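Subject: Structure handover

Hello,

Here is the structure I promised to pass on. Please open it alongside this note. My findings follow below.

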Amino acid sequence: ISDSLKRIKPSPTIAVTQKARELRAAGKDVISLGAGEPDFDTPDNIKEAAIKAIKDGETKYTAVDGTSDLKKAIVDKFKRENNLDYSVEQISAGTGGKQIIFNAILATVNPGDEVIIPAPYWVSYPDIVLLAGGTPKIVKCSERNNFKITPDELKKNITKKTKWIIINSPSNPTGSGYTRKELEALGEVLKKNKNVFILSDDIYEHITYDDFKFFTIAQIKELKDRTLTMNGVSKSYAMTGWRIGYGAGPKDIIKAMAKLQSQSTTNPSSISQAAAVEALNGTQDFIKTRAKSFKERRDFVVKYLNSINGLSCLKPNGAFYVFPNCKKLLGTKLKTDKEFVEKLLEEALVAVVQGSAFGLDGYFRISYATSMDNLKKALERIKSFCESLS
Ligand code: PLP
């Protein structure tokens, strides 16, 4: 096993989902709140586009980083939804947003380069940086600021070696979203530090609540040339298994990413690309209905968690996660959030992920992308479990 692989660990969120699957296979009535995927099905118009692609013989290799139809659909999406102008040479499609991030980091990071990652973070960012030989510069963000990095914190952590900062809004695992004003304030710091590139992970763009208005940092014109915006169809269109993600940004980075992809996966699945074209160009009506259903679940989960002694939970702006604080329940019986979630799974048969897996101790992540019935049952179990600790 190579030294570079020894630097990384398997994804803890995938590990929890796998453990829950095994327990269920062994006959245990486990409720999994660990998975990061919508419980809805892929809409029919998208499935039909994929079936048509198969029947029409779209079953061969495609251009490395996306068919011209898909790239054009992505260009149109950025114009329509974000008022951003890109040419097709500035677009890259890959096997999931994860491959886009992977390509971007591997194509640009040299040993010793630093990547600023605000914590709590999506679990894959630091490991991808480590694999590339870079140094993740983890900045722990306070619950008081809704787990978001402040301009001061950003400024203090930029060095000559900083290559990227990764911004994820709305965030996995907290659901917190950066407002336009907050991004502009971070933008002021970034404008002065021209060596820093910005990787904006917008995968939860369409799952937002209340009056939160999605804004992406590439909309700040002075920063657009240094920003790689990553997005994908997994979450917005319930297409996690189809594996299509995309990025838009500087031509030289996009070209380098294609070179890397040409020597790894060649191209994302031709059928999935045809499905993604329909996702982006077809009706967007269901997005709002689904976000409404997520919002009802969010409201229920946040209220319930805050009624449990020893837990407290902020109300997120988006995504389908909450990140409750369980510090008051840690002490002699259970020392860490990891022990807390392990016991919760063993004794109460509820699978969640410890905050430390996301870089912030004393919390855990719940994914509420599951039915209300499941959520009710799971929260009753979490409540009895927490009561048993005090
Ligand atoms: N970014 C974030 C914050 C995520 O939560 C995920 C998936 O969980 C991804 C990127 C990657 O998604 P995919 O590879 O399915 O497009």
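Proline 173 sits in the loop between S5 and H8. Keep in mind that this is a predicted model. The bond that joins asparagine 172 to proline 173 is a cis peptide, with omega about 25 degrees. That loop holds another cis bond. Serine 169 to proline 170 is cis, with omega near -15 degrees. Proline 170 also lies between strand S5 (162-168) and helix H8 (180-192). For context, most peptide bonds are trans.

One backbone angle elsewhere deserves a look. Asparagine 146 has a positive phi, near 50 degrees, and is not a glycine. Its place is the loop between strand S4 (135-140) and helix H7 (151-157). In general, most residues other than glycine have a negative phi.

Now the ligand. Asparagine 172, from the cis bond above, is among the residues that come nearest to the ligand. The others named with it are Gly97, Asp201, Ser234 and Lys235. The ligand has 13 residues around it. By type, that shell divides into 4 nonpolar, 5 polar and 4 charged residues.

Which pocket does the ligand take up? The space it fills is the largest pocket.

Three polar contacts to oxygen atoms of the ligand are worth checking on screen:

- Glycine 97: a backbone N or O atom lies 2.6 Å from a ligand oxygen.
- Serine 234: an N or O atom of the side chain is 2.7 Å from a ligand oxygen.
- Lysine 98: a polar backbone atom is 3.0 Å from a ligand oxygen.

How much of the ligand's accessible area does the protein cover? The ligand has 400 Å² on its own, and the protein covers 92% of it.

Last, a sheet. It is open, has 3 strands and follows the order S9-S12-S11. The pairing is antiparallel. Which strands form the edges? Strand S9 (321-322) and strand S11 (353-354) do, since each pairs on one side only. S11 runs antiparallel to strand S12 (residues 364-367), and 2 bridges join them. In one of these pairings, valine 353 has arginine 365 of S12 as its bridge partner. As background, strands of a sheet pair through backbone hydrogen bonds.

I would start with the loop between S5 and H8, where proline 170 and proline 173 both lie. Then turn to the ligand.

Best wishes

Technical notes
Residues numbered from 1 in each chain as written. Predicted model: local features only at pLDDT ≥ 70, side-chain atom pairs only at ≥ 80, totals over all residues. Heavy atoms only, no water. Pairing = 2+ DSSP bridges. Helix = DSSP H or I, 4+ residues; strand = E, 2+ residues; numbered from the N terminus. Near = heavy atom within 4 Å. Polar contact = N/O pair within 3.5 Å; in protein donor to acceptor, adjacent residues only side chain to side chain. Areas by Shrake-Rupley, 256 points an atom, 1.4 Å probe, with all protein chains shown as cover. 1 Å grid on protein atoms, 1.4 Å probe; cavity = no way out; pocket = protein on both sides within 12 Å on 5 of 7 lines; lining within 4 Å. Sits in = over half its atoms within 2 Å of the grid points. Nonpolar A, V, L, I, M, F, W, Y, C, P; charged D, E, K, R; others polar.
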